[in-house]
Amino acid sequence: MIFAWWMVAVRYRRAIFVLAVLGLAAVVAVGTLSPREPTGLILGLFVAMVVLLVLLMLVVRVARRRVPTGLEVTGGAFRSPRPSFFLGLVLPHLCAIAIFVLPGSWTARYEHVVDPNWLLVVALSAAPIGLYLPGLWRGVGVILTPDGIRSDRYLGTLTIPWDALADVQPVQPADARGEVRLTYTRPELLRRTGLLPHRDRIYFEGTDRDLIADAVAHYAAHPAARSTIGSHTGYENLQQLHADATPARRHAPEPIPSRWKISGSFLIAALATVAAARPPAALTGSRIMIGLIGLLCFLGAAANLYTRSTTRKQSRRPVLPNSGQWS
């Protein structure tokens, strides 16, 4: 049941994000226009943020166990699933931004005072949205076609023709999470849109990293096999190749961040958010520092949660062809 609901949420993730932004904007507007200090609304947002963090962490954990680790055979291509685990961080993050915005906007309206530190904290807390929103909107993953690889990232898209790749691809380091590193002989053939650091890597969610690494290495070294990409026969051959991979191509398990570490970081971030929004008298002058600490804890916890959610075990089941369930 939880997995089914997560699939629905992923499919309508754009609508969920827009409705969440509009709803929280309405909450901030109501609190700003109210003649009474919005302490109750701030407390309610804080409770909602904590509850959402706990619930969504549990949901992501359950969904992660059910996400297939293979590739979808659809539209004449092999496509990695896009479970959009970052969706589990969007709503708590928006609540945190609203907590920062509300007290300063109320003060600006009724006390005619605009605190520059408040503006800086709001800007810093909202800035990460620009980093993950494009990827959340369309999903992060790879598409293998007979012509090459399309890597959709959080800030852009990288298109890699097969002719740009070297015949021999590198063995992937054990600490690489959700990515495959590449070697080029003709990097001038790459096509890119957006901001793309590390153009020697492709990123994805939910898929067995070894499978994609083996696929890239195989098709880069065997041009004749590329015509089978996107077919069921080609996918069966790829699965057999992956199963027969030598130990040298089998990568070490990836480290998984502790859930206690993630929970502790989120708790510190939540407490710092509340303290920055409504600081005690003794900490009024330290609001910006408290806000920055909360923001850094939130980003660290988000990164660890993302790693925990997308790190895969070798034994997970492959995706069924033509499922198309993560589009």
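In this predicted model, Leu43, Val47, Val51, Val54, Leu55 and Leu58 make a nonpolar patch of about 530 Å² on the surface. One of these residues, Val54, sits in helix 3, which runs over residues 39-66. With a relative accessibility of 46%, Val54 falls in the partly exposed class, because that class covers values between the 20% and 50% cut-offs. As for the spacing of such residues, an α-helix has 3.6 residues a turn, so positions three or four places apart point the same way.

Stepping back to the whole chain, the secondary structure adds up to nine helices and eight strands. The chain has 327 residues, and 49% of them count as buried. Its accessible surface comes to about 15300 Å², with 66% of that belonging to carbon and sulfur atoms. As for how the chain meets itself, take the contacts between residues at least 6 apart in sequence: 76% of these join residues at least 24 apart.

Helix 4 covers residues 87-110. Its end C-alpha atoms are 36 Å apart, and the 34 Å expected for 24 residues at 1.5 Å a residue agrees with that. Helix 4 is also largely enclosed by the rest of the structure, because 19 of its 24 residues are buried. Ser105 belongs to helix 4 and is itself buried, at 14% relative accessible area, since the cut-off for that class is 20%. Once residues up to four places away in sequence are set aside, Ser105 touches Val28, Thr32 and Trp118. For Ser105 and Trp118, the separation is 13 residues in sequence and 9.3 Å in space, C-alpha to C-alpha.

Between helix 4 and helix 5 comes a loop that holds His112. Just after helix 4, this residue takes a positive phi of about 55°, although His112 is not a glycine. How covered is His112? At 68% relative accessibility, His112 counts as exposed. A second histidine, His198, also has a positive phi of about 55° without being a glycine. His198 is placed in the loop between strand 7 (191-194) and strand 8. Its relative accessibility is 43%, so His198 counts as partly exposed.

Helix 5 takes in the 23 residues 116-138, and here too the span works out: 33 Å is expected at 1.5 Å a residue, and the end C-alpha atoms are 35 Å apart, which agrees. Still, helix 5 has a kink of about 45° at Tyr132, shortly before the proline Pro134. Tyr132 is on the list of buried residues in helix 5, along with Trp118, Val121, Val122, Ser125, Pro128, Ile129, Gly135 and Leu136. Trp118, then, is a buried residue of helix 5 that is touched by Ser105, a residue of helix 4. After helix 5 comes Gly139, with a positive phi near 90°.

Helix 6, at residues 209-221, has 13 residues; at 1.5 Å a residue these should span 18 Å, and the end C-alpha atoms are indeed 18 Å apart. Most of helix 6 is covered, with eleven of the 13 residues buried. The buried set is made up of Arg209, Asp210, Leu211, Ile212, Ala213, Asp214, Ala215, Val216, Ala217, Tyr219 and Ala220. What covers these residues? The cover includes strand 2 (77-79), strand 3 (141-145), strand 4 (148-152), strand 6 (179-181), strand 8 (201-203) and helix 7 (232-243).

A closer look at strand 6 picks out Val180, which is found there. Val180 has a relative accessible area of 1%, so it is buried. Leaving out neighbours within four places in sequence, Val180 is in contact with Gln172, Asp200, Arg201, Ile202, Phe204, Arg209, Ile212 and Ala213. Among these partners, Arg209, Ile212 and Ala213 are buried residues of helix 6, in line with strand 6 being part of what covers that helix. Val180 and Tyr203 are 23 residues apart in sequence, yet 6.7 Å apart in space from C-alpha to C-alpha.

Methods:
Residues numbered from 1 in each chain as written. Predicted model: local features only at pLDDT ≥ 70, side-chain atom pairs only at ≥ 80, totals over all residues. Heavy atoms only, no water. Helix = DSSP H or I, 4+ residues; strand = E, 2+ residues; numbered from the N terminus. Expected span 1.5 Å × (residues − 1). Bend = angle between axes of the 7 residues up to and from the residue. Buried < 20%, exposed > 50% of the residue type's maximum accessible area, 1.4 Å probe, protein only. Contact = heavy atoms within 4.5 Å. Areas by Shrake-Rupley, 256 points an atom, 1.4 Å probe, with all protein chains shown as cover. Patch = residues over 30% accessible without salt bridge, like charges linked within 9 Å, V, L, I, M, F, W, Y side chains within 5 Å. Salt bridge = Lys/Arg side-chain N within 4 Å of Asp/Glu carboxyl O.
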